[in-house]
2 protein chains.
Amino acid sequence: MSFTELDKEYMLRAIELAKYGRFTTSPNPNVGCVIVKDGTIVGEGFHKKAGTGHAEVHALAAAKEQAKGATCYVTLEPCSHYGRTPPCALALVKAGVKRVVVAMVDPNPKVAGRGLSLLEEAGIIVEVGLLTEQAEALNPGFITRMKLKRPRVTVKMASSLDGKTALKNGLSQWITGPQARADVQYYRAQQSAILTGNKTVFADDPSLNVRYQELVNSPAFDSALLDETNLRQPIRIILDSHNKLTLQEKLFDLPSKVLLVSLSARDTASFSGCKAEVEQIICTQNENNKIDLHALMSLLNQHEINDLWVEAGATLAGEFFKNNLVDEFILYQATKLMGDQARNLVNLPNFSTMNDIITLKLHSVTQIGDDIRLINHRE
Amino acid sequence: MSFTELDKEYMLRAIELAKYGRFTTSPNPNVGCVIVKDGTIVGEGFHKKAGTGHAEVHALAAAKEQAKGATCYVTLEPCSHYGRTPPCALALVKAGVKRVVVAMVDPNPKVAGRGLSLLEEAGIIVEVGLLTEQAEALNPGFITRMKLKRPRVTVKMASSLDGKTALKNGLSQWITGPQARADVQYYRAQQSAILTGNKTVFADDPSLNVRYQELVNSPAFDSALLDETNLRQPIRIILDSHNKLTLQEKLFDLPSKVLLVSLSARDTASFSGCKAEVEQIICTQNENNKIDLHALMSLLNQHEINDLWVEAGATLAGEFFKNNLVDEFILYQATKLMGDQARNLVNLPNFSTMNDIITLKLHSVTQIGDDIRLINHRE
């Protein structure tokens, strides 16, 4: 397949459009679409929110009758199934487009090439594979969940240079500066769900929500992409094996969904007293009588969690690493030293050889205020 | 003082020249000199090694009679005292230069403006303060020692992302990759001395020397600045309070100087059996009956150690931090996790408030191979 420089330009525009959805589309993927007729863009669109029109629908609506004979650039294969909306591939056929350029095949097994076939069978020229890598980067969580039947897991932590998260007496506010904390808010806003354990809830009584007034201070913040009205609160997931949370904790006093993960059922009548929309899911236990994280990941797949953001303490974070479930590890490091007696970043087994330790691959390192942010990926 | 763009260009050239000395001048400062006559560079020079000609001497020798009426650009105030060589200020007067532009005043109390006065008294136009910051960056150790009567201390360490330096069983080879280790060699080559404790010697039996074959793999390596023939071995300084070293350790089997720092004298007769040139210095003890690091710094000032490179374990590194003696902290971090049971980076007191922890200022962060190098300065 060979694409022209113009093809590339239009697809880049479609990719830019797709980004406008990143704070709202979950559990759907981010998709952008550009329709071009006689060298002119006649329609553009992106997917904003599950249940509303897909990118192609918006672009076709803008293009109207000019879509006939046009080329459609779309970052993800047009859908072929009747979901919350009718199939986009059919809409493109009906509109009479001549050629469809697709960045990547939809990894959703409900689509997976069927959208392309539908177009081809209608006599449309279909070309796949332009800027695939950049299109994939729009939807890492969606792709991971479609392929692996589990969310993409990002573990986020903050520490001193010597890998400490709190003093021996538990004090930790604040290791990192306001810009780093704002950056965390900006990341949180893009997640399907934020997960932590009840230990963290007891220790810090966190809200685990996204605070617009804070995230505007992130160096990554772009008001064109996110204004306060389209802020979506990620689902908050709390591991509470033995139902120890009292529901009086701060996080239950904020609207938006809370998923309680336990090993046994609790009295759900008390949920009605919470401002949060609380739901319990029962998970199986592993050989250590703890919540089986692999089983939990399957449950979260059923809950359509694409991007799971874990903000946990040393024990739970360690469990994710031990279970080889960490796709991304984001560490905010303050240029401080807290010493050997302070609390450790992550609890892991007593490794006996250097081959056993956990090795990650550096993706990027960025200065954020006085701190640095290291993004590491699975090796 | 106002300088022209041409002035700046010539001084930048002098600064570039000065850098050619960085592996060899210790304990002298790096200095570069450019002599310009009628818009043409007629002489250049840099200081290469203590006891050999200063930068101005080399530049004057190249300029010969063209120095008469010329402008001399020099990165450091010309010396006024008879040291290992005669005063350069006098040489400039004798050569008949018309104007001398100086980047910075010499912080050496033996000079400290006297060189400038000598020039001015001879009727030469003297202008000071062009590119001072860049000139200072040529000689951080020299400047620190002249001002504070102690070496500039850089503590270098290597750890995992969670601040661990070795497994519980002591295994640590290799946390960082070959490029990071080559980079350390390149840094070592620029130091006056490398310091460690006897614990590290017993644990790792290190050579503590500079290995040319390794340092060529540093991303910073520049063969124009350092070829194998001008490689100088830094003095190796080992803290050995109670004379526990046997002298059979590997570092004694390599030529170049070793300074043993103890609290009491040992039998120096055995030194003659070592390939290394061994010398003992006796230091006073602090209230914990350990070597008093402040007293040691005074002794190292007398030994003309400008740049002290500390490669120590958690205890000794912690002592330098506790004594507020760390000017620069270079941490090579591997994107790995070793867990809570692995060994800690630095031993510090059990701080009771977050205000007590050690805060540094990030100077730079650079990817080196698969690892990152964080350079932090005193806040």
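The following questions and answers walk through a predicted model.

Biologist: What relates the two copies, chain B and chain A?
Modeller: Chain B superposes on chain A with an RMSD of 0.0 Å. The operation is a rotation of 180 degrees, with 0.0 Å of shift along its axis. The copies are thus related as by a two-fold rotation axis.

Biologist: Which residue of chain B has the C-alpha nearest the axis?
Modeller: Its C-alpha lies 2.2 Å from the axis. The residue is B:Gly163.

Biologist: What percentage of the contact residues of chain B recur in chain A?
Modeller: The same surface serves both copies. The share of chain B contact residues that recur in chain A is 100%.

Biologist: What is the strand order of the open sheet of five strands in chain B?
Modeller: The pairing in this sheet is mixed. Its edge strands, β2 (40-46) and β5 (125-128) of chain B, each pair on one side only. Neighbouring strands are turned by 15 degrees against each other on average, direction ignored. The order is β2-β1-β3-β4-β5.

Biologist: In β4(B), which residue is the bridge partner of B:Thr71?
Modeller: β3(B) and β4(B), residues 99-102, pair in the parallel sense. Four bridges join them. The partner of B:Thr71 is B:Arg99.

Biologist: At about what angle does α1(B) run to β1(B)?
Modeller: α1(B) lies across β1 (32-37), β2, β3 and β4 of chain B. Its angle to β1(B) is about 145 degrees.

Biologist: How many aromatic pairs does the structure hold over all chains?
Modeller: A pair of aromatic rings is described by the distance of the centres and the angle of the planes. Over all chains, the number of pairs is 14.

Biologist: How is the pair of B:Tyr10 and B:Tyr73 classed?
Modeller: The ring centres are 5.2 Å apart. The planes make 40 degrees, and the class between stacked and edge-to-face runs from 30 to 60. The pair is tilted.

Biologist: How many residues apart are B:Tyr10 and B:Tyr73?
Modeller: B:Tyr10 sits in helix α1 (residues 5-18) of chain B. B:Tyr73 sits in strand β3 (residues 71-74) of chain B. The pair links distant parts of the chain, and the separation in residues is 63.

Biologist: Is B:Tyr73 buried or exposed?
Modeller: Buried means under 20% relative accessible area. B:Tyr73 has 3% relative accessibility, so B:Tyr73 counts as buried.

Biologist: Which kind of aromatic pair do B:Tyr186 and B:Phe221 form?
Modeller: The centres are 6.1 Å apart. The planes stand at 80 degrees, and over 60 counts as edge-to-face. The pair is edge-to-face.

Biologist: Where is B:Phe221 in chain B?
Modeller: B:Tyr186, its ring partner, lies in helix α7 (residues 178-188) of chain B. The two are 35 residues apart. B:Phe221 is in the loop between α9 (212-215) and β9 (235-239).

Biologist: Which residue has its charged end over the ring of A:Trp174?
Modeller: The charged end sits 4.0 Å from the ring centre. In chain B, B:Arg181 lies over the face of B:Trp174, at 4.0 Å from the ring centre. In chain A the residue is A:Arg181.

Biologist: Which residues of β9(A) point the other way from A:Ile235, A:Ile237 and A:Leu239?
Modeller: In a regular strand the side chains alternate between the two faces of the sheet. Strand β9 (residues 235-239) of chain A is mostly covered, with five of its five residues buried. The residues that point the other way are A:Arg236 and A:Ile238.

Biologist: Which residue in β10(A) does A:Arg236 stand opposite?
Modeller: β9(A) runs parallel to β10(A), residues 257-262, with four bridges joining them. β9(A) also pairs in the parallel sense with β8(A), residues 193-197, over five bridges. Opposite A:Arg236 in β10(A) stands A:Val258.

Biologist: Is A:Lys156 buried or exposed?
Modeller: A:Lys156 is placed in strand β6 of chain A. A:Lys156 touches several residues, including A:Trp309, A:Glu311 and A:Tyr332. Its relative accessible area is 14%, so A:Lys156 is buried.

Conventions:
Residues are numbered from 1 along each chain as its sequence is written. Chains are lettered from A and ligands numbered from 1 in the order in which they are written. This is a predicted model: local features need pLDDT of at least 70, side-chain atom pairs count only at pLDDT 80 or more; totals for chains, interfaces and linings use all residues. Side-chain values use heavy atoms; hydrogens and water are left out. Rings of Phe, Tyr and Trp (its six-membered ring) pair if their centres lie within 6.5 Å; planes under 30 degrees apart count as stacked, over 60 as edge-to-face and the rest as tilted. Buried means under 20% relative accessible area, exposed over 50%, partly exposed in between (1.4 Å probe, protein chains only). A charge sits over a ring if NZ of Lys or CZ of Arg is within 6 Å of the ring centre and within 35 degrees of the ring normal. Two strands pair if DSSP finds at least two bridges between them. Axes are lines fitted to C-alpha atoms, for helices over the stretch in contact, and angles run from 0 to 180 degrees between N-to-C directions. Contact means heavy atoms within 4.5 Å. Copies are superposed by least squares on the C-alpha atoms of residues with pLDDT of at least 70 in both. Lists of a residue's contacts leave out its neighbours within four places in sequence.
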